[in-house]
Structures are given as structure tokens and as C-alpha cells.
Amino acid sequence: MTPDAAGSAPPERERRDDAPDSGSADPADPAAPLSATARTVRGAVDPAAAPLSATAERSDGSAPARALLPDGLRAFTAAVDAAARADGWRLPTPSSGWDVRGVVDHVAAQHARVPQLLGLGTARPAPAGAALLGPDPRPTWRALAAASTVAWATAPEDARVTLAGEDAPASELAERLLLDLVVHAWDVRAALAAGRDAGGRGASEAKGDVGGSGACVEHCLAWVRAHQRLLAGSGRFGTPAEPRSADPLDQLLALVGRRP
């Protein structure tokens with residue numbers, strides 16, 4: 001699954017006083033907490049406690065994707081840490097053609113662009129891959145995830161972005177990023193579990209570790225159901241499969257073409 005979360009980058013802007021600064025996290029420490037600071041009109045902001053602009057419940061009582069992104073980022077970070085502990089970067093994943101390292105590269109590239117897309121960055125980031133993430137992806141991924149979190153915490157609620165060359169509300173970007181985080185966290189966990197258990201039980205065992213909170217999974221499931229025609233025509237998703245059960249994660253994975 002590769003939703004076009006990045007789109008076309010907007011023109012470069014001069015650095016503003018409220019631009020993200022991820023300097024508080026020690027990038028040399030792979031076990032460093034997912035933290036950073038940003039200078040904003042409210043003062044210093046730490047993403048672990050940042051009050052998001054878009055935290056109000058929607059009419060159906062659920063949280064918007066933007067408010068759920070910190071949970072999704074933490075869950076994906078946990079999957080990256082698990083891959084490092086297992087030295088599982090080269091294991092094949094359910095995401096066709098990608099190993100674990102390729103999945104991490106893809107997600108990192110999406111979040112590397114977030115500050116600039118939201119108007120808070122200063123320059124276009126380097127391409128994803130070994131040149132961006134290095135031999136151990138954890139430190140750079142943490143810095144990118146922290147900067148993305150801070151950007152979402154400080155961007156205006158009515159922010160707009162450029163996706164695939166078209167102007168769109170930032171909420172659309174948040175939806176795509178959250179879906180990416182949930183499904184690709186499962187991809188990484190499933191690859192690691194399958195690597196531990198060649199007998200085939202691994203993928204199902206990955207369920208309990210993936211996707212952040214249940215609210216993340218349920219939100220993504222509702223969004224995918226509401227956008228099935230759009231997703232089917234994008235060419236970035238597999239053919240929907242028959243779900244294994246009524247479990248929300250099983251339902252979501254089936255809709256995006258995963259076969260756990």
C-alpha cells in the first residue's frame with residue numbers, strides 16, 4: 001500500500017519562529033524517546049504532550065485522523081524497534097515487493113515531507129533509503145516522526161497541503177498517513193512474526209502488536225469503507241480479500257488487499 005501522502009511539495013519558505021526543531025532528541029541513541037521541541041506562539045512544544053489543534057470529536061463522536069496520528073506514530077516506532085532487535089530488515093513483508101527495510105524507508109519518506117507540506121519546513125528532505133536513514137534506521141526515524149508530530153501539533157486547523165499536484169485540506173493528508181502507519185506497522189510485525197515461525201502462525205500473532213490504539217484501526221476501517229472506489233482506482237492497493245473475521249483489523253487488512 002502506498003497512498004500518495006507526499007504529493008507535490010510546496011515552494012520553499014523562509015524559516016519561521018514556530019518552525020519545528022527536533023534538537024531535543026538525541027539522534028545517536030536508538031532507544032531515545034519519541035520527543036522533540038518546537039518554538040511556537042505557545043512556547044516550547046514536546047510532541048509527547050503537544051495539544052493538537054484538531055482534537056475535537058467529530059459529529060459521530062470519533063476523533064479526527066490528525067488527533068490519532070501520535071498513536072499511529074508510536075505504534076510504528078515500536079515496530080521499527082522490534083525489527084532492529086530481531087535484525088529483521090531484510091525479511092519479506094506482506095506489502096508486495098518490499099522487505100521490512102523498504103517499508104520503513106517508505107513511511108520515513110512520507111513523514112520527512114510533513115513539516116514542509118504543512119508550511120513549517122525550510123528545505124526539501126533528502127530521498128528516503130540508506131542515504132536518509134543510515135544502517136540503523138531508528139535514530140533518523142525517531143527524529144522524522146517527532147518533527148512530523150510537532151508539525152501537526154502546531155499547524156493551523158484549517159491548513160491546506162498539495163497532494164498529487166492539487167490543493168487539499170490537511171485532514172486528507174492526515175487520513176492517508178494514518179492508514180499508512182496502521183497497515184505498514186502490521187506489515188512489519190507480520191514479517192517479524194513469520195520469520196520467527198515458518199509454520200505460518202506468525203502473521204496472526206502480529207495482530208495484537210499493531211496499529212496503535214483500537215481507535216486508529218476503527219477510524220481507518222471507516223475511512224477505507226467510505227473511499228473504496230477512490231482507493232480501488234489509485235492502483236496502490238491490492239485486490240480486496242475476504243476478511244478472516246469481524247475483527248476491525250481483519251476487516252481493514254482485507255479491504256486493502258492483505259491476506260493474513
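## Chatting about His111 and some salt bridges

A polar contact of 2.9 Å links the side chain of His111 with that of Ser148. This is a predicted model, and here is how a colleague and a modeller talked it through.

Colleague: Where is His111 found, in which helix?
Modeller: Let's place the residue that makes the polar contact with Ser148. The helix in question runs over residues 100-112. His111 sits in helix H2.

Colleague: Is His111 buried or exposed?
Modeller: Buried means under 20% relative accessible area. His111 comes out at 2%. That is below the cut-off, so His111 is buried.

Colleague: What does His111 touch, leaving out residues up to four places away in sequence?
Modeller: Ser148 is one of them, and we've already met that residue through the 2.9 Å polar contact. The others are on the list too: His111 touches Leu73, Trp141, Leu144, Ser148, Leu177 and Leu181.

Colleague: Why is H2 largely enclosed by the rest of the structure?
Modeller: Start with His111, a buried residue that belongs to H2. The whole helix has 13 residues. H2 is largely enclosed because the buried ones number 13 of the 13.

Colleague: How far does H2 reach from its first C-alpha to its last?
Modeller: At 1.5 Å a residue, you'd expect 18 Å for this helix of 13 residues. The model comes close to that: the reach is 18 Å.

Colleague: OK, on to charges. How many salt bridges does the structure hold?
Modeller: Side chains of opposite charge can pair when their charged atoms come close. Arg74 with Asp71 is one example, and Arg138 with Asp136 is another, with closest N and O atoms 2.7 Å apart. For the structure, the count is eight.

Colleague: In which helix do Arg74 and Asp71 both lie?
Modeller: Their closest N and O atoms are 2.9 Å apart. Along the chain they are three residues apart, about one turn of the helix. Residues three or four places apart point the same way, because an α-helix has 3.6 residues a turn. The helix that holds Arg74 and Asp71 is H1, residues 65-86.

Colleague: Which residue forms a salt bridge with Asp99, and is that partner buried or exposed?
Modeller: Asp99 itself is buried, at 18% relative accessibility. Its closest N and O atoms in the bridge are 3.1 Å apart, and the partner is Arg90. Exposed means over 50%, and Arg90 has 64%, so the answer is Arg90, exposed.

Notes:
Residues are numbered from 1 along each chain as its sequence is written. This is a predicted model: local features need pLDDT of at least 70, side-chain atom pairs count only at pLDDT 80 or more; totals for chains, interfaces and linings use all residues. Side-chain values use heavy atoms; hydrogens and water are left out. A salt bridge is a side-chain nitrogen of Lys or Arg within 4 Å of a carboxyl oxygen of Asp or Glu. Helices (H or I, at least four residues) and strands (E, at least two) are DSSP runs, numbered from the N terminus. Buried means under 20% relative accessible area, exposed over 50%, partly exposed in between (1.4 Å probe, protein chains only). The expected span of a helix is 1.5 Å times one less than its number of residues. A polar contact is a pair of N or O atoms within 3.5 Å; within protein, one must be able to donate a hydrogen and the other to accept it, and residues adjacent in sequence count only if both atoms are side-chain atoms. Contact means heavy atoms within 4.5 Å.
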